[in-house]
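Student: I have a new structure to look at. Can you walk me through some of it?
Tutor: Sure, here it is.

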Amino acid sequence: MDILNALLVPLLDIKLLALIAAGTMAGIYIGAIPGLSVTMAVSILISFTFSWDVLPALSLMIGIFMGVYGGSRTAILLNIPGAPSAIATALDGYPMAQRGEAGEAIGVTTVMSFFGGLIGILVLAFAAPAVSDFAIRFQPRDFMLLAILGLLLVGSLSGESLVKGVFAGSLGLMIGSVGLDPLTMDQRFTFGSPSLMGGISFIAVMIGMFGVSEALMQLHTIKSEAVKQKISRIVPRFSTIRKHLPLSLQTSAIGVVVGALPGTGGDIAALMAYDHAKRVTKNPEVPFGKGAIEGLVAPETANNAAVGGAFIPMMTLGIPGDAVTAIMIGALFIHGLNPGPLLMVQQPDMFWFIVSALMIANCFMLLFGLTGIRLFVKVVELPRGLLIPLILLLSIVGAYAVNNRLGDVYWMLGFGVLGYFMRLYGYALGPVILGVILSRLLDDNWRRAIISEQESLPMLFKGILTSPLSATLLAGVVLILLSKTPLWRRIFRKRA
């Protein structure tokens, strides 16, 4: 009965319900603006809500967090991911918009985001201890292997040329390494410039590569008329949902597990899910990268399932799963609560309140996500003389808003020009962003892993082989590497 009462608290209190709804709507529209992430919104909220009661403050923050889905809208309409987790969505969502199917693409991402969020919340409610026990077993060497697995996604994001994809991924790793060494504080690729010691803003790289390069490409291949969008149907057919249900269940599981790993998050989960979809989808109706529905289903279910996954270590261990839950832990401390095992034992009502608030926010996300689509898709139908300046304006605002630094705008414009020439000569941009995302995860955990084994490579390799988890991840790395060799492909084709 106590659990039921805790679950009903946000549903029966009109004030809490209104705060969750307002937060979800704000999260969707903030997430749709490049550079204005839900992480930034939640961090700003702390200064406004520290004097509130804990339940209203949490309700508003949870609603905004669930609005992470909003990043997919500009990814589909303008090829500018509103958030890092929407990078994979842009790969197939934008080609659909170019075919006049933006309404269908947004409808699919909304419904699948709801489904992924639902799976993540259910796992949080019924299997949080088991998932957190699995996540806590990850050692630095396991995170290192996970980052290597992520880097092997280059093959899925590189388009037709694997060599060009590897080059782009290596470029991303180098960009992500600019700044001070995380352990020794030595300067890397700074060339003596103080402004580079803090590194290059990942958001500036992402917006420049996708946003500015898209504006330049449209100037290069300018069309007389905008693409008219077909929005006769927004909610996807039940047959479409049923067809992709197995894939969505698989990618939701990826999202929950990756989201529960401290320091990862929905962006890595979405990219891994996209790669998984390419591997298991045998005969897509449309090729991946050209507007495949599977290319929307996989990342959107994974990044929203990662929301519930990120709450698992936060609630059970007091360890943040991503940047937003790290901020929320700080908010709980401000309100006199200590997230972790003691909170689960002493105040279980708080756990079930958060589960209920997440579920309600997920329903609001579905409701708000399916409204206003007809107005949104009008953006794509704007004349090119208005659309290109709009893309550039959003890019400049997004790059500046992260750190309020004019230097990030210059970097964004520079990477936009670089992205334009890369696209012109057939280089995919996805691997560059992948390299930047994974560079810090790989760098930090490689250092920690080698230091924990007394800087001995044989001891590190022995530790990997003797740990069931590490050995499993290593086997995954080896199998993916083998699958990319011509001999393996030849053998597989003969067996097929």
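Tutor: This is a predicted model. Start with helix α6, residues 87-98, and helix α14, residues 266-280. They pack with their axes 8 Å apart, at an angle of about 45°.

Student: What does that make α6 relative to α14: parallel, perpendicular or oblique?
Tutor: Oblique. An angle of about 45° is not under 35 degrees, and not in the 65 to 115 range, so α6 counts as oblique to α14.

Student: Which residues meet there?
Tutor: From α6, Ala 88, Leu 91 and Asp 92. From α14, Ala 270, Leu 271 and Tyr 274.

Student: And how many are nonpolar, polar or charged?
Tutor: Five are nonpolar, none is polar and one is charged.

Student: Staying in α6, is Thr 89 buried or exposed?
Tutor: Thr 89, which sits in helix α6, has 0% relative accessibility, so it counts as buried.

Student: What does its side chain pair with?
Tutor: The side chain of Thr 89 makes a polar contact of 2.5 Å with the side chain of Glu 300. Beyond its neighbours within four places in sequence, Thr 89 also touches other residues, including Ser 72, Ile 76, Thr 109 and Pro 299.

Student: New topic: α13. How far apart are its end C-alpha atoms?
Tutor: They are 22 Å apart. Helix α13 has 16 residues, 245-260, and at 1.5 Å a residue these should span 22 Å, so the two values agree.

Student: What do the buried residues of α13 pack against?
Tutor: They pack against α7 (102-136), α14 and α15 (294-317). Among those buried residues are Leu 247, Thr 251, Ile 254, Val 258 and Ala 260.

Student: Where is Phe 189, and what is its phi?
Tutor: Phe 189 lies in the loop between β2 (187-188) and α11 (202-220). Its phi is near 55°, a positive value in a residue other than glycine. Most residues other than glycine have a negative phi. Phe 189 is partly exposed, with a relative accessible area of 42%.

Student: Last one: Asp 443. Buried or exposed?
Tutor: Buried, with a relative accessible area of 13%. Asp 443 is in helix α22, residues 430-452.

Student: Which residues does Asp 443 contact, leaving aside neighbours within four places in sequence?
Tutor: Pro 182 and Arg 188. With Arg 188, the side chains share a polar contact of 2.8 Å.

Student: And how far is Asp 443 from Asp 181?
Tutor: In sequence, they are 262 residues apart. In space, C-alpha to C-alpha, they are 9.0 Å apart.

Notes:
Residues numbered from 1 in each chain as written. Predicted model: local features only at pLDDT ≥ 70, side-chain atom pairs only at ≥ 80, totals over all residues. Heavy atoms only, no water. Axes fitted to C-alpha atoms, helices over the stretch in contact; angles between N-to-C directions. Helix = DSSP H or I, 4+ residues; strand = E, 2+ residues; numbered from the N terminus. Parallel < 35°, antiparallel > 145°, perpendicular 65-115°, else oblique. Contact = heavy atoms within 4.5 Å. Nonpolar A, V, L, I, M, F, W, Y, C, P; charged D, E, K, R; others polar. Expected span 1.5 Å × (residues − 1). Buried < 20%, exposed > 50% of the residue type's maximum accessible area, 1.4 Å probe, protein only. Polar contact = N/O pair within 3.5 Å; in protein donor to acceptor, adjacent residues only side chain to side chain.
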